[in-house]
Amino acid sequence: MTITEHDQDTTNDTDEPSLEASGRGQGTLPEWVRWAVAAASLAVGGLLVAFLWKVNIPFTVIVGALIYVVAIYLISRTVESQRHAVDRVVTGVVTTMFLLSLIPLISLVVTVVTKGAERFDAQFFTYSMRGVLGEGGGAYHAIMGTLVITGVTTLISVPIGIFAAIYLVEYGNKNAISRALTFFVDVMTGIPSIVAGLFAVALFTLFLGPGTRMGIIGAVALTVLMIPVVVKSTEEMLRLVPNELREASYALGVPKWLTISKVVLPTAIAGIATGVTLAIARVIGETAPLLVTVGTTDSTNLNPFDGRMQTLPVYAYYSYATPGIPREPYFARMWAAALTLMLIVMALNVIARLISKYFAPKTGR
């Protein structure tokens with residue numbers, strides 16, 4: 001045997017123990033074992049929580065997760081390897097955090113749906129609260145007021161936000177104006193909603209006098225909140241458009257404004273629509289600015305330039321804050337208004353998905 005062959009044999013002999021020490025080549029836990037351990041851990045955790053305190057879903061998930069992490073680590077360390085055991089522990093921790101984040105969301109949806117369904121009838125959508133005390137009445141005036149004010153807000157905010165984002169991405173080139181615009185957009189993104197309402201009230205008080213309440217004032221307040229969201233989301237979508245598309249258009253002699261309108265915007269339309277939808281969802285449920293700008297009324301008013309208007313968030317707030325006697329009909333209308341508002345936001349998200357599906361650029365051959 002040569003020296004080279006002897007060295008190779010020595011190397012192979014020294015490698016085999018390291019492979020065994022690392023746990024390679026050992027068994028693998030079947031998938032059903034993980035589910036069985038998880039079910040048993042939740043059962044034991046539920047029994048411990050119920051015995052020590054009372055039935056509580058979040059505590060049951062936490063205790064069950066702790067038991068699962070310890071049990072799956074020991075089982076995996078015995079059957080598989082330490083690397084696999086650590087991986088399963090991390091997976092269990094991440095899954096637990098996900099389940100804990102779902103608990104308040106599911107609880108909120110179930111509560112709103114179950115309590116709001118009591119008054120989710122035709123009368124709720126076709127009657128206002130004019131002359132109604134106690135039972136009966138509806139939120140037709142509040143629904144229409146919400147749609148009108150949100151529509152006016154969207155008509156004002158979307159063009160301003162999209163054109164501002166186009167300037168930042170296509171024309172700004174990090175000059176002084178673009179830097180100042182970016183700074184103010186960042187600042188406006190985090191302002192409290194009540195500040196936007198007070199700004200709108202102060203602005204219109206200068207022209208119309210104190211005590212003026214109109215739908216357009218509420219729309220201006222919501223515009224202050226909506227424009228930064230539209231600008232940021234549109235800017236991010238425009239920056240994702242590949243520069244090769246712009247350069248190819250310029251190479252064909254297409255002017256810049258036509259390149260933006262025919263190439264850049266159609267490419268980013270899906271993301272822009274999603275951003276606009278999120279901006280609408282951001283402002284449609286605002287209560288504080290509408291309390292000080294629009295006020296409240298029991299009658300239907302569809303003219304944002306004449307008198308007070310009712311909106312769903314304010315309608316739900318006053319139904320809870322100033323209920324009559326008996327209180328139950330007011331609380332039932334409050335939950336129905338919350339359910340209606342939630343369904344409107346869901347409908348907006350469906351519309352955004354449809355826009356993304358049918359208006360996004362086709363990527364097929």
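The following exercises, with worked solutions, concern the helices of a predicted model.

**Exercise 1. Overall fold and dimensions**

Determine how many helices and strands the protein has, and how its radius of gyration stands against that of a compact globule.

Solution.
Step 1. The secondary structure amounts to 14 helices and zero strands. Along the sequence, the pattern accordingly reads α-α-α-α-α-α-α-α-α-α-α-α-α-α.
Step 2. The radius of gyration of the protein is 30 Å, whereas a compact globule of 365 residues would have one near 21 Å.
Step 3. The C-alpha trace spans about 105 × 75 × 40 Å along its principal axes.

**Exercise 2. Annotated regions**

State where UniProt places the "transmembrane region" feature and the domain "ABC transmembrane type-1", and give the helix content of the domain span and of the spans 214-231 and 334-355.

Solution.
Step 1. According to the unreviewed UniProt entry, the "transmembrane region" feature falls at residues 32-53, 59-76, 88-113, 139-169, 181-208, 214-231, 263-284 and 334-355.
Step 2. For residues 214-231, the model shows 94% helix and 0% strand, with the end C-alpha atoms 26 Å apart. Residues 334-355 are 100% helix and 0% strand, and their end C-alpha atoms are separated by 32 Å.
Step 3. The unreviewed UniProt entry also assigns "domain: ABC transmembrane type-1" to residues 143-352. This span is 78% helix and 0% strand, and its end C-alpha atoms lie 21 Å apart.

**Exercise 3. The pair α8 and α9**

Classify the packing of α8 on α9 by angle and handedness, and identify the residues that meet.

Solution.
Step 1. Helix α8 covers residues 193-208 and helix α9 covers residues 215-239; they pack at about 135°, with axes 8 Å apart. This angle makes α8 oblique to α9.
Step 2. The crossing of α8 past α9 is right-handed.
Step 3. From α8, the residues Ser193, Ala196, Gly197, Phe199, Ala200, Val201 and Phe204 meet Ile216, Ile217, Val220, Ala221, Val224 and Leu225 of α9. By class, this contact comprises eleven nonpolar, two polar and no charged residues.

**Exercise 4. The pair α7 and α9**

Carry out the analysis for α7 and α9, and establish how many charged residues the contact has.

Solution.
Step 1. Helix α7, residues 176-189, packs with α9 at an angle of about 125°, the axes being 9 Å apart. The two helices are therefore oblique to each other.
Step 2. Their crossing is left-handed.
Step 3. Val185, Asp186, Met188 and Thr189 of α7 make the contact with Val224, Pro228, Val231 and Lys232 of α9. The classes are five nonpolar, one polar and two charged residues.
Step 4. Val224 of α9 takes part in this contact and also in the contact with α8.

**Exercise 5. The pair α6 and α7**

Describe the crossing of α6 and α7 and the composition of their contact.

Solution.
Step 1. The axes of helix α6 (residues 140-172) and α7 come within 10 Å and cross at roughly 145°.
Step 2. This crossing is left-handed.
Step 3. Ala164, Tyr167, Leu168 and Gly172 in α6 meet Ile177, Ser178, Leu181 and Thr182 in α7. The contact has five nonpolar, three polar and no charged residues.

Definitions and conventions. Residues are numbered from 1 along each chain as its sequence is written. This is a predicted model: local features need pLDDT of at least 70, side-chain atom pairs count only at pLDDT 80 or more; totals for chains, interfaces and linings use all residues. Side-chain values use heavy atoms; hydrogens and water are left out. UniProt positions are given in the numbering used here, feature names are shortened, and annotations may be inferred rather than shown by experiment. Helices (H or I, at least four residues) and strands (E, at least two) are DSSP runs, numbered from the N terminus. Axes are lines fitted to C-alpha atoms, for helices over the stretch in contact, and angles run from 0 to 180 degrees between N-to-C directions. Angles under 35 degrees count as roughly parallel, over 145 as roughly antiparallel, 65 to 115 as roughly perpendicular and the rest as oblique. A crossing is left-handed if the near helix is turned anticlockwise from the far one by less than a right angle, and right-handed if clockwise. Contact means heavy atoms within 4.5 Å. Ala, Val, Leu, Ile, Met, Phe, Trp, Tyr, Cys and Pro count as nonpolar, Asp, Glu, Lys and Arg as charged, and the others, Gly among them, as polar. The radius of gyration is taken over C-alpha atoms; the globule rule is 2.2 Å times the number of residues to the power 0.38.
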